[in-house]
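Biologist: Could you take me through one helix of this model in detail, and then show me how the rest of the chain is arranged? I'd like to see what surrounds it and how far the prediction can be trusted.

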Amino acid sequence: MDVRRAAFGDLPGVGVWGAARGGGVEERWLAAVVLGGQGHYAAAATVLGGLIGGGGLFGSLAASTLASHRRQLGGHAAARRWDALALALLADRGEKGVEEDPDGVDVAGARADALLGLAADAVGAGRVGEARRLHERVEPLGWRSRVRHQWVAAEIELADGHAERAVAPAERAAALSREAGATRHALKSDLVLGTTLVVLGAPAGLDRGLDLLHCDLNHTDQLGLLSLIWPTGYVLANAQENRTYADGQNMKERTQNALSCVLRRADPISRRLAHRSPWVPTALLRSGEPPNADPEANFLTD
């Protein structure tokens with residue numbers, strides 16, 4: 001099994017349990033990336049914790065990955081600690097002016113991961129100016145860093161109330177991820193782009209955004225990418241409410257099921273973060289209560 005292909009290629013839904021348990025350092029990190037995309041946050045956290053303790057390049061990459069998983073469940077403040085550690089673990093490794101690994105599994109890629117993570121953490125905390133400054137410090141050399149750089153650019157503009165400025169970076173992320181043949185990144189890019197178009201609300205763009213999100217939901221569902229299923233469904237549930245009540249309720253039920261499954265697979269820390277977060281609609285899991293998140297919430301950052 002090519003674990004890198006599962007992490008960054010066309011097989012994001014395959015099982016990687018053997019690599020997670022008994023692979024080398026790189027294999028275990030890649031397996032944790034895959035497990036996070038599938039919503040197996042507890043299993044991923046176990047693998048990542050061991051890698052962080054080893055320090056070095058993969059300690060940094062693991063810290064950034066754990067931060068991303070915390071952020072995906074609304075724990076932006078908790079993620080900041082791990083992103084900061086990821087950057088600190090690279091302090092004595094020198095600057096790398098050129099890309100060494102095709103997927104950014106190198107010092108330059110790890111530094112970009114840490115800085116982009118810190119920018120995303122700042123977005124979630126409402127510190128848009130800080131997020132812009134951190135984003136500007138990133139030199140995205142590889143395809144993966146370039147895609148994530150565009151995601152965060154779009155999210156900064158959404159957070160700053162400029163949805164019209166978020167469209168171009170979201171479009172670029174979608175194009176770059178498809179050029180790289182990275183299925184999960186392409187689906188995540190469609191989530192960012194579709195959400196941006198829905199938030200913007202222009203009639204033609206709204207229809208395109210809804211089509212993108214419906215297509216995205218079908219593909220992520222087939223692949224079992226629970227980390228993308230529930231936020232896609234949530235955006236659609238809120239958009240559908242403006243069309244037909246029945247469609248909106250059906251989409252809410254799909255979102256409930258996906259989020260409930262994610263939380264069952266999560267470690268205790270992640271569950272606590274999700275239940276306390278204003279970004280995650282955990283109240284959808286309790287009948288009769290309104291959601292505690294806004295449909296334009298920052299649950300996109302990876």
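## A close look at helix α9

Modeller: Happy to. Helix α9 covers residues 143-159, and its 17 residues should span 24 Å at 1.5 Å a residue; its end C-alpha atoms are 24 Å apart, so the two values agree. Keep in mind that this is a predicted model. Is α9 enclosed or open to the outside? It is largely enclosed by the rest of the structure, because 15 of its 17 residues are buried. After the helix comes G161, which has a positive phi near 80°.

One of the residues that reaches α9 from elsewhere is A170. That residue sits in helix α10, residues 163-179, and it counts as buried because its relative accessible area is 1%, against a cut-off of 20%. Beyond its neighbours within four places in sequence, A170 is in contact with A154, V192, L193 and T196. A154 belongs to α9, while V192, L193 and T196 belong to α11. A170 therefore touches both of these helices. For the pair A170 and V192, the C-alpha atoms are 6.2 Å apart, with their positions 22 residues apart along the chain.

That brings us to α11, which runs over residues 183-200. Its 18 residues reach 26 Å from first C-alpha to last, close to the 26 Å expected at 1.5 Å a residue. This helix is mostly covered, with 15 of its 18 residues buried. Just after it, G201 takes a positive phi of about 80°.

From α11 we can step on to α13. T232 lies in that helix, residues 226-240, and is buried, with a relative accessible area of 0%. Apart from neighbours within four places in sequence, T232 contacts L191, L213, D216 and L217; of these, L191 is a residue of α11. There is also a nonpolar core of 26 residues that includes V198, L228, I229 and L259. V198 is in α11, and L228 and I229 are in α13.

That core is separate from the largest one, which has 51 residues; F8, V16, W29, L48 and L61 have the most contacts inside it. V16, for example, meets V3, A6, A31, V34 and L35 once its neighbours within four places in sequence are set aside. Helix α1, residues 3-8, is where R4 lies. Not counting residues up to four places away in sequence, R4 touches G9, E26, L30, D101, P102, D103 and V105. R4 and A31 are 27 residues apart in sequence, with 8.1 Å between their C-alpha atoms.

For a contrast with α9, try α6, residues 76-88. Its 13 residues reach 18 Å between the end C-alpha atoms, close to the 18 Å expected at 1.5 Å a residue. H76, A79, W82, D83 and A86 are its buried residues. Seen down the helix axis, they fall within an arc of 115°, so they line one face. An α-helix has 3.6 residues a turn, so residues three or four places apart point the same way. The face turned away from the buried side carries the exposed residues A77 and R81. The cover over the buried residues of α6 includes α4 (41-53), α5 (56-72) and α7 (107-124). A distant part of the sequence also comes up beside this region: S277, in the segment after α15, has its C-alpha 6.6 Å from that of G75, although 202 residues separate the two in sequence. S277 is buried, with a relative accessible area of 2%.

Stepping back, the chain has 15 helices and zero strands, and 58% of its 302 residues are buried. Among contacts with a separation of 6 or more, 61% link residues 24 or more positions apart. The accessible surface comes to about 11,900 Å², with 51% of it belonging to carbon and sulfur atoms.

As for trust, the average pLDDT of the chain is 90, and 88% of the residues score at least 70. Over residues 286-297, however, the pLDDT is below 50, and this stretch has 24 contacts in the model beyond near neighbours in sequence. Where pLDDT is low, the predicted coordinates should not be read in detail.

How values were computed. Residues numbered from 1 in each chain as written. Predicted model: local features only at pLDDT ≥ 70, side-chain atom pairs only at ≥ 80, totals over all residues. Heavy atoms only, no water. Helix = DSSP H or I, 4+ residues; strand = E, 2+ residues; numbered from the N terminus. Buried < 20%, exposed > 50% of the residue type's maximum accessible area, 1.4 Å probe, protein only. Contact = heavy atoms within 4.5 Å. pLDDT = per-residue confidence, 0-100. Expected span 1.5 Å × (residues − 1). Arc of directions from axis to C-beta. Core = buried A, V, L, I, M, F, W, Y, C linked by side-chain atoms within 4.5 Å. Areas by Shrake-Rupley, 256 points an atom, 1.4 Å probe, with all protein chains shown as cover.
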